[in-house]
Amino acid sequence: MEVQTGEILFLCGASGAGKTTLLYTVAGLEKPNQGSVMLRGHSLYGSSKKLQAQIRNEMMGYIFQNYYLLPELTALENVLLPALIAREDAHEDAIELLRRVGLGHRMDHLPTELSGGEQQRVAIARALINDPDIIFADEPTGNLDSKAGQGVMELLLGLAREEGKTLAIVTHDARLASLGDRTLYLSDGQLAV
């Protein structure tokens with residue numbers, strides 16, 4: 001599988017087909033049993049653990065189905081978390097990202113005070129805080145109703161296209177997948193031809 005810079009790629013298939021495993025492997029979160037993941041001509045898993053962590057923090061953003069927001073932190077603090085590792089001050093960037101995702105007025109709210117769609121928009125802002133080249137999204141609309149899901153997907157696709165980001169999205173929804181540049185189908189752990 002090869003993904004081009006700026007491409008919006010959807011990974012589709014039945015439950016258990018291997019979509020999330022493939023996404024996590026390509027995203028540097030799950031080491032493959034065989035094969036390799038090449039990023040700009042360099043082996044991701046052939047790098048030191050420290051370099052792998054740096055690449056994940058600086059070049060990749062992650063959006064998960066279950067949001068993974070820390071419940072004791074505000075929306076703003078959740079967005080700032082990845083930036084605290086990479087650089088000192090990203091406060092203004094985090095505020096601007098929350099404004100861009102329509103949550104400028106909710107940045108001081110805790111996750112429990114936000115709807116599912118709002119929590120996912122916080123997760124999108126968090127994924128973008130370090131200005132990554134690649135964004136990985138695992139069922140980003142899976143826990144949302146259709147209206148909120150459509151809004152989140154439109155926001156994510158719009159931001160990716162506007163910023164020229166590479167975007168890889170796992171989804172069960174073939175209708176959503178039609179919005180990308182390319183769709184790959186997985187079946188029993190294999191890319192379908």
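Strand 1 (residues 8-12) and strand 7 (residues 182-187) run parallel and are joined by four bridges. Within this pairing, Cys12 has Tyr185 of strand 7 as its bridge partner. The structure described here is a predicted model. In general, the strands of a sheet pair through backbone hydrogen bonds, in either a parallel or an antiparallel manner.

The two strands belong to a wider arrangement. An open sheet of six strands follows the order 4-5-6-1-7-8, and its pairing is mixed. Strand 4 (60-64) and strand 8 (190-191) form the edges, each pairing on one side only.

Helices lie across this sheet. Helix 1, which comprises residues 19-26, lies across strands 1, 4, 5, 6, 7 and 8, and it runs at about 155° to strand 5 (134-138). Helix 6, comprising residues 146-163, lies across strands 1, 4, 5 and 6, and runs at about 155° to strand 6.

Strand 6 itself spans residues 166-170 and includes Thr166. The relative accessible area of Thr166 is 10%, and because buried residues are those under 20%, Thr166 counts as buried. Its surroundings can be described in terms of contacts. Leaving aside residues up to four places away in sequence, Thr166 touches Val3, Gln4, Thr5, Gly6 and Glu7, together with Asp133, Ile134 and Ile135. With Gly6 there is also a polar approach: a polar atom of the Thr166 side chain lies 2.8 Å from the backbone nitrogen of Gly6.

Definitions and conventions: Residues numbered from 1 in each chain as written. Predicted model: local features only at pLDDT ≥ 70, side-chain atom pairs only at ≥ 80, totals over all residues. Heavy atoms only, no water. Helix = DSSP H or I, 4+ residues; strand = E, 2+ residues; numbered from the N terminus. Buried < 20%, exposed > 50% of the residue type's maximum accessible area, 1.4 Å probe, protein only. Polar contact = N/O pair within 3.5 Å; in protein donor to acceptor, adjacent residues only side chain to side chain. Contact = heavy atoms within 4.5 Å. Pairing = 2+ DSSP bridges. Axes fitted to C-alpha atoms, helices over the stretch in contact; angles between N-to-C directions.
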